[in-house]
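Work through the exercises below with the sequence and the model open side by side. Try each task before reading its solution.

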Amino acid sequence: MLDDKKLTKELINSLSSVTNLKDLELIEIKYLGRNGVINDLLKKIKEIPVGDRKEYGKKINQLKQEIKRLLETKRLELSKKKSDKFFDSTLPGKTYPKGSLHPITYTIEKIASIFQKIGFIRVSYPEVEWEYFAFEVLNMPKDHPARDDFETFFIDAPSDKKMGKVVLTPHTSSGQVREMRRVKTPPIRMVNIVKCYRPNWDITHNPMFYQFEGLCIDRSINIAHLKGTIDYFAKEFFGEDRKIRLRPFHFQFTEPSFEIDVSCGVCGGKGVDCHVCKSGWLELAGAGMVHPEVLRAGGIDPNKYSGWAFGFGPDRCLMMKTGIDNIRILYNGDVRFLEQF
Ligand code: DAH
């Protein structure tokens with residue numbers, strides 16, 4: 001009924017041709033698996049005369065132990081073989097994918113270093129801000145229609161009689177008066193780079209975005225300084241051949257105010273039939289000479305000092321530089337996009 005010698009011989013035979021652990025596993029299943037040889041033999045115990053069953057059971061057990069031993073020996077032999085393999089230490093090592101800075105982080109660092117080179121210090125004023133700093137001191141009192149342009153997110157927090165409500169800052173201009181009050185006596189040269197928030201959502205607007213605020217206050221500061229600084233920035237960031245221009249505009253906290261355009265890098269400023277700019281120019285920033293009321297709010301005498309300010313988005317700069325035309329792709333964390341940087 002049970003020819004253990006024959007079975008062992010068979011097993012030894014098949015083990016002799018096994019060269020890898022996978023095949024060894026298949027043999028183990030064949031012998032020791034649920035429907036394997038050993039279990040089949042155990043099932044047959046019913047057919048054995050009662051008196052012989054004890055002896056039969058013992059034999060199966062011995063056979064099982066022997067099979068296990070043979071399998072284990074083969075396993076050891078195979079794993080030893082593996083480690084005996086020739087190790088070529090001159091082969092190049094395994095490489096792992098390297099991370100890189102997010103394109104926005106990279107752009108911010110780049111912009112900050114361009115301004116740091118000409119003596120501007122980098123600051124980060126609060127993203128969760130009082131209405132007072134975001135609007136009041138910037139010449140936009142309560143109920144001023146200009147506030148509608150900012151469509152602000154309000155925070156569900158107690159308001160203050162003087163400071164008003166708590167908001168997510170809609171622009172980095174809210175850092176202007178904070179910096180004036182911190183420094184007290186000019187000269188002031190700051191760049192305030194933080195996240196801003198406005199409830200807009202389309203291909204050129206994300207509810208969270210970055211802004212970059214420049215502020216320069218000293219004696220006899222004038223528009224030529226503003227123009228020279230932005231021109232320097234445009235050439236450093238976009239390239240030597242870029243030009244800028246100022247266009248009259250209106251902002252509540254600067255007088256006079258401008259929008260600043262940079263010549264388009266795609267058409268070289270020609271404009272004709274350019275799908276990116278259509279006019280040869282791309283809008284870069286809002287800017288102007290700091291309004292005397294704003295200087296006063298910061299504790300600075302407008303009769304002694306003057307200054308300029310500008311504000312714009314690093315995301316927009318990056319888009320203009322690279323041709324990315326959908327701002328949301330910068331913020332949705334898609335690795336297929338990020339890997340390209
Ligand atoms: N804060 C303005 C905005 O978010 C941009 C701006 C305009 C900033 C003029 C300035 C400025 O500093 O002088 O739309």
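**Exercise 1. Describe the shell of residues around the ligand in this predicted model.**

Step 1. Start with the residues that come nearest. The shell holds 15 residues, and His171, Ser173, Arg198, Gln211 and Glu213 are the nearest of them.

Step 2. Sort the shell by class. It contains 8 polar residues, 5 nonpolar ones and 2 charged ones.

**Exercise 2. Find polar atoms of the protein that lie within 3.5 Å of N or O atoms of the ligand, and state how far the ligand is buried.**

Step 1. Take the nitrogen side of the ligand. One nitrogen atom of the ligand is 2.9 Å from a polar atom in the side chain of Ser173.

Step 2. Turn to oxygen. The side chain of Gln211 places an N or O atom 2.9 Å from an oxygen atom of the ligand. At Ala309 the backbone supplies the partner: a polar atom there is 3.2 Å from a ligand oxygen.

Step 3. Add the surface term. The ligand on its own exposes 350 Å², of which the protein buries 92%.

**Exercise 3. Locate the ligand in the fold: which pocket does it occupy, and which elements give two or more residues to its shell?**

Step 1. The ligand sits in the largest pocket.

Step 2. Three strands each contribute two or more shell residues: E5 (208–218), E8 (281–290) and E9 (306–312).

**Exercise 4. Compare the annotated spans with the model's secondary structure.**

Step 1. An unreviewed UniProt entry assigns residues 114–340 to "domain: Aminoacyl-transfer RNA synthetases class-II family profile". In the model this span is 22% helix and 28% strand, and its end C-alpha atoms are 24 Å apart.

Step 2. The unreviewed entry in UniProt also places a "coiled-coil region" at residues 53–80. Here the span is 100% helix and 0% strand, with 41 Å between the end C-alpha atoms.

**Exercise 5. Where do the cis peptide bonds at Pro187 and Pro256 fall, and which loop holds Glu151, with its positive phi?**

Step 1. The bond joining Pro186 and Pro187 is cis, with omega about 15°. Pro187 belongs to the loop between helix H7 (175–183) and strand E4 (188–197).

Step 2. From Glu255 to Pro256 the peptide bond is also cis, omega being near -5°. Pro256 is in strand E7 (residues 254–263).

Step 3. Glu151 is not a glycine, yet its phi is positive, about 35°. The loop that holds Glu151 runs between helix H6 (131–134) and strand E3 (166–168).

Definitions and conventions:
Residues numbered from 1 in each chain as written. Predicted model: local features only at pLDDT ≥ 70, side-chain atom pairs only at ≥ 80, totals over all residues. Heavy atoms only, no water. Near = heavy atom within 4 Å. Polar contact = N/O pair within 3.5 Å; in protein donor to acceptor, adjacent residues only side chain to side chain. Areas by Shrake-Rupley, 256 points an atom, 1.4 Å probe, with all protein chains shown as cover. 1 Å grid on protein atoms, 1.4 Å probe; cavity = no way out; pocket = protein on both sides within 12 Å on 5 of 7 lines; lining within 4 Å. Sits in = over half its atoms within 2 Å of the grid points. Helix = DSSP H or I, 4+ residues; strand = E, 2+ residues; numbered from the N terminus. Nonpolar A, V, L, I, M, F, W, Y, C, P; charged D, E, K, R; others polar. UniProt positions renumbered as here; feature names shortened; annotations may be inferred.
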